[in-house]
Amino acid sequence: QVYFPARRSASSPEDYTAASPDPWHRPSRYAPFLHALCHFSLARLQYGPASLLNLLLQLLLFYLSFAYAFRILHLERCLLPAILCANVCLFLTPVGLSWFERGQFSLYVAVAYLWLMLGVLTRRPWHLVVATLFAYVKWTSFPLVFVALVVWLLNSHDGQEFRNNATLALIVPATIFLLFLFHLPAGRAFLNGLYDQEKNFP
């Protein structure tokens, strides 16, 4: 749904309709910003190498983010067992293998959740920006992001902490809004497609 439209152009409203160049004419459910990223990177390659590179890139970002988070949280001793556990989940379970076999974007979402929790714990704004960038890859990440931020706000101990947390939490929707402004015509088509899909889901 992303590769073939991205081969043709950086972003187009047609990518979100039956006129999509996807071989099965499936409308894309990925944001225009992602199409543009792929157009100038992975889509330059043939499908096989592009798909493999996408998987390897996800793994690399996942492991690097894991290592960074464990270092920041002073949990270096737990890093190796945690990565081994993650590898078991990724490569020795049906769900993990389906991600690998289908070449999906699931690990970008996992990286988004990791950076989101890191942003909540460290209160560093750029952690939340990184989390939002990865979450924007796949819109299904947004419900958990929303719930996590709401729980964070409700867990504030007083009014001052609530205001501080709310200011930080606003980084997430602000980043989403800026990314959405990238290509408004395709963005509107993207949102319409999501709305129709959810409305008509059996």
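Start inside the protein: by class, seven nonpolar residues, one polar residue and no charged residues make up the lining of the largest cavity. You are looking at a predicted model, so keep that in mind at each stop of this tour.

**Stop 1: the cavity**

Select A112, L116, A131, T132, A135, F142, V145 and V172, the residues that line the largest cavity. The space in there comes to about 30 Å³. The count of cavities of 30 Å³ or more is one. Now colour by helix. At least two lining residues each come from α6 (106-122), α7 and α8 (142-154). Which helix gives the most to the lining of this largest cavity? That is α7, with three residues.

**Stop 2: α9 against α10**

Keep V172 in view, one of the residues lining the largest cavity, and bring up helix α9 (residues 159-169) with helix α10 (residues 171-180). Their axes lie 5 Å apart, and the two helices pack at an angle of about 20 degrees. Angles under 35 degrees count as roughly parallel, and α9 and α10 are therefore roughly parallel to each other. To see where they meet, show T167, L168 and A169 on the α9 side, then I171, V172 and P173 on the α10 side. What classes of residue make the contact of α9 with α10? There are five nonpolar residues and one polar residue, with no charged residues.

**Stop 3: the second largest pocket**

Next, select L34, L37, L57, Y108 and V137. Of the 17 residues that line the second largest pocket, these lie nearest its centre. The volume of this pocket is about 360 Å³. Two or more lining residues come from each of α2 (32-39), α3 and α7 (125-135). Helix α2 gives the most here, with four residues. Colour the lining of the second largest pocket by class and you will find 15 nonpolar residues, two polar ones and no charged ones.

**Stop 4: the largest pocket**

Now move to the largest pocket, with a volume of about 720 Å³. A good way in is to select Q1, V2, Y30, R102 and G103, which are the closest to its centre among the 29 residues that line it. Then show α1 (3-8), α3 (47-72) and α5 (94-102), the elements that give two or more residues to this lining. Which element supplies the largest share of the lining of the largest pocket? Helix α3 does, with five residues. You have met α3 before, as it also gives two or more residues to the lining of the second largest pocket.

Colour this lining by class as well. Are there any surprises after the last stop? The largest pocket has six charged residues in its lining, along with 16 nonpolar and seven polar ones, whereas the lining of the second largest pocket has no charged residues.

**Stop 5: step back**

Finally, zoom out and switch to a cartoon view of the whole chain. How many helices and strands does the protein chain have? There are 11 helices and zero strands, so the cartoon should show helix after helix: read along the sequence, the pattern is α-α-α-α-α-α-α-α-α-α-α. The radius of gyration is 18 Å, close to the 17 Å that the globule rule gives for 202 residues, so the chain is as compact as a globular protein of that length. For a sense of scale, the C-alpha trace spans about 50 × 40 × 35 Å along its principal axes.

Definitions and conventions: Residues are numbered from 1 along each chain as its sequence is written. This is a predicted model: local features need pLDDT of at least 70, side-chain atom pairs count only at pLDDT 80 or more; totals for chains, interfaces and linings use all residues. Side-chain values use heavy atoms; hydrogens and water are left out. Axes are lines fitted to C-alpha atoms, for helices over the stretch in contact, and angles run from 0 to 180 degrees between N-to-C directions. Angles under 35 degrees count as roughly parallel, over 145 as roughly antiparallel, 65 to 115 as roughly perpendicular and the rest as oblique. Contact means heavy atoms within 4.5 Å. Ala, Val, Leu, Ile, Met, Phe, Trp, Tyr, Cys and Pro count as nonpolar, Asp, Glu, Lys and Arg as charged, and the others, Gly among them, as polar. On a 1 Å grid over the protein atoms alone, a cavity is a set of points where a 1.4 Å probe fits but cannot get out, and a pocket is an open set with protein on both sides within 12 Å along at least five of seven lines; lining residues have an atom within 4 Å of a point. Grid points are joined across faces, edges and corners, and a volume is the space filled by probe spheres set on the points. The radius of gyration is taken over C-alpha atoms; the globule rule is 2.2 Å times the number of residues to the power 0.38.
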